[in-house]
Amino acid sequence: MDATAHTHDLGHEHPPKGIMRWLTTTNHKDIGTLYLWFSLIMFLSAGSMALMIRAELFEPGLQFFQPDFFNQLTTLHGLLMIFGAIMPAFVGFANWLVPMMIGAPDMAFARMNNWSFWLLPPAALLLLGSFFVPGGAAAAGWTLYPPLSIQMGMGMDMTIFAIHLMGISSIMGSINIITTILNLRAPGMSLMKMPMFVWTWLITAYLLIAVMPVLAGAVTMLLTDRHFGTHFFNPAGGGDPLMYEHIFWFFGHPEVYIMILPAFGIVSQIIPTFARKPLFGYASMVYATASIAILSFTVWAHHMFTVGMPAAGQLFFMYATMLIAVPTGVKVFNWVATMWRGSMTFETPMLFAIAFVCLFTIGGFSGLVLALVPVDIQLHNTYYVVAHFHYVLFSGAAMSIMAGVYFWLPKWTGHMYDERLGKLHFWTTTIAFNITFFPMHFLGLAGMPRRIPDYALQFTTFNQVASVGAFLLGMSQLIFLVVVLKCIRGGKKAPSKPWEGADSLEWTLPSPAPYHSFQTPPVVK
Amino acid sequence: MLDKLVARTGGGVALMLASLSARADLQYNLQPPATNVASQIYNLHLMVLWVCLGIFVVVFGAMFYSILRHRKSLGHKAANFHENTLVEITWTVIPFIILMAMAYPASKTVLDMKNTSDADMTIKVTGYQWKWGYHYLGQGVNFFSNLSTPRSEIENLQTKDKHYLLEVDHPMVVPTGEKIKLLITSNDVIHGWYLPAFGIQQDAIPGFVKSVWFKVDEPGTYRGQCAQLCGKDHGFMPIVVKAVSPQDFTKWIQAQKAAVVTYNPNKTYTEAELVQHGAQVYAANCAACHQANGKGIPGAFPALDGDPIVNGPKAVHIETVLNGKGGRMPAWKDQLNDFDIASVITYERNSWGNHTGEAIQPAEVKALRK
């Protein structure tokens, strides 16, 4: 269908100019753009903190930062990357793409959409600003375990408030996404015809609604323990520090899937496109995603194998965790089968998607190693865990986001990105990523704990390799920034469907996608 | 800033190149196991690693074969299959079977690790910010284990020792060949007692006492660290366990009992005596936060030099040390005796810019204990 046939005379075609356009916008594409820029800024800020961490860890001894500030860096790096970079990036994709993919004119709750976004910048300012208050930022790790987090200064209160804001934002965003998907699909777009990306977001949104209030509850109890004399987590008052860990990880484990399911969705759009072949096992992909989401509520205590729970508890959580490998494996096999006997080309989005499948699987395997209780007890709180979750969160979530950005940039900007620079970005990122994080497996196996500003001499070499890799990785992201800016400013004109094998509805719209699309719903066969 | 950076990292780059060429000391696997449980873990990890590697090679071998052969540039035409129930059931069932095969030995090791019955000896381990306390139950031996790496090594003013950051003033000493049970708890925040060579990592949680066990056969010194983020000096509270023969252990226990510092609760000590002992107590317990120069860390830990409590009524000072303050300053009444507290308070009140001239006696501390 041809979207240029739409009439553009509805009067609200031209938004206000300047800053007011962005402050008052209710347009899903504008809000998607805001989310994506916000995410990129947070990615670069939290990334600079990672570089400060790696600079300090380049050599044994304290060189640049005192331990307390180092702990603030690790804490805020984690919080900002998770709540500031990865989650908002996926919401940005959802805003841009879900309405276009299901043939809807906009998100269901346009004004709420605006508010969902505009809660985020104040939250980010609270987090970043907390570095400058007395006592500095929160330094208890992103997990904020009490009683340590009870000891912190006002930076912790700012963090708690920021988490509340970001949680409200996520919940509203999820309600919006669910309502949009369930109610605004074009005629003929049955659930089992939806693009995989829409499916993964539908499931993710349910996860978010289920667990963000749990996190809000946990941090609210921290707040009242800190200031209002309650003893939820203080053993001296009859409280229980372990209860916090249980509540936190009941949020925390589904959160892991919140950050990876949309990535699965993006990759499931990209691989069939460049293999010029339909996604293998669409239905099993949907069921696998749903099983992962359901299982994610039954495995939280594998983050707590070292607290000393009874053998029965350890065994249950070990078996449940190992079970997740089955649907995850199904997904990986399906992607490989999609490529099998295709007619593949390797533009930047495809390169990132293939790297995603490979490297995410390494993270999955190290997750399986960590699922075994005895091995986890040996490796818990070490750099092995750091390596594991960076393989799933950087080469998983973040690289899928990059893949998605390259894939849809032509649709968003109307220009083709610079393929040569894109490929350069891909290769430098992938190589530098592995230089940074692969040696961390060895550090963890050798027994180096995480979250320490200084280390014993036998850990020196691998730390130096990791630090060199980290700076290369950081610099590579500047190429990404250049590609994006270049593509916005100009470049080869993008056709409505720049990728030969693409088949979802957004590619039926002209590039750049018009400000209002599908005011008349398309009919899906 | 830049030249500082080069000066500080330039040496590091040279060091890195040098150490990369001497790869022999690089460790790619778990530490050599010293207990039976640790060997089980070592083998379990290797087994899983090989299985994962095998699967990885098969799956990605297929993917890279496809990437090389099924390219548009080679003129490969896309097939159009997109499901196959048999294949999909197969690759759901096979991983499931592999997982069960992995879970069996893992479960056996879990049960072995949990079996703390019939221990020959029990040691209570308490985590403090930032040191470990070891209490040999029933043997009357009780001491703290502090990091012994000098500050000058941490601040790069002096060459680092071989055991940099993994050395303590008083290691835990245990006999070889006996089943030792540890009861692990914490006095303040959550710590983690982690000794890789024993395959033990147990969080030390305030309000809970958790137990683990080990039996080590080879005499030797085993080193680990606190594993759970516990505040600013989390990276500076190592764990050292010295395993010695049962005979040597008996001798060590006797020596420990003999070496307990005795003091006379009724004696009136001179200021010089108190300051001398107080300086040691301060260095071991107070300097981590308030710093050796008494200046504290602005914004985090208050200075004692010129502090109104330290220069005010002594009863308030004594009570602050005994009972702690505001959640951050710990209560010391259970960790230090009256003589220690009297000495350290005398030291604080007569050091740096503080000149109260007072000598606090153990009896005064005793009177304020609740």
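**Exercise 1.** In this predicted model, find how many residues of domain 1 of chain A are in contact with domain 2 of chain A, and then place the two domains along the chain.

*Solution.* Begin with the contacts, where 49 residues of domain 1 of chain A meet 62 residues of domain 2 of chain A, a contact being a pair of heavy atoms within 4.5 Å. Next, turn to the domain assignment, which gives residues 31-241 of chain A to domain 1 and residues 260-515 to domain 2. Finally, consider the C-alpha centres of these two domains of chain A, which lie 19 Å apart.

**Exercise 2.** Describe the area that domain 1 and domain 2 of chain A bury between them, and name the three residues of domain 1 that supply more of its share than any other three.

*Solution.* Start with the total, since the two domains of chain A bury about 4,400 Å² between them, with 78% of it on carbon and sulfur atoms. Then look at the side of domain 1, where A:R54, A:F90 and A:M196 supply 16% of the area that this domain buries against domain 2 of chain A, more than any other three residues.

**Exercise 3.** Determine how many salt bridges and how many residue pairs in polar contact the rules find across the interface of domain 1 and domain 2 of chain A, and then work out which elements and kinds of residue form the domain 1 side.

*Solution.* For the salt bridges across this interface of chain A, the rule finds 0, whereas for polar contacts it finds 12 residue pairs, both residues being at pLDDT 80 or more. As for the elements, α2 (28-56), α3 (67-102) and α8 (196-227) of chain A each give two or more residues to the domain 1 side, and α3(A) gives the most, with 13 residues. To finish, sort the residues of that side by kind, which yields 37 nonpolar, 8 polar and 4 charged.

Note on methods:
Residues are numbered from 1 along each chain as its sequence is written. Chains are lettered from A and ligands numbered from 1 in the order in which they are written. This is a predicted model: local features need pLDDT of at least 70, side-chain atom pairs count only at pLDDT 80 or more; totals for chains, interfaces and linings use all residues. Side-chain values use heavy atoms; hydrogens and water are left out. Domain bounds come from an automatic or database domain assignment. Buried area is the accessible area (1.4 Å probe) that two parts lose on being put together, summed over both. A salt bridge is a side-chain nitrogen of Lys or Arg within 4 Å of a carboxyl oxygen of Asp or Glu. A polar contact is a pair of N or O atoms within 3.5 Å; within protein, one must be able to donate a hydrogen and the other to accept it, and residues adjacent in sequence count only if both atoms are side-chain atoms. Helices (H or I, at least four residues) and strands (E, at least two) are DSSP runs, numbered from the N terminus. Ala, Val, Leu, Ile, Met, Phe, Trp, Tyr, Cys and Pro count as nonpolar, Asp, Glu, Lys and Arg as charged, and the others, Gly among them, as polar.
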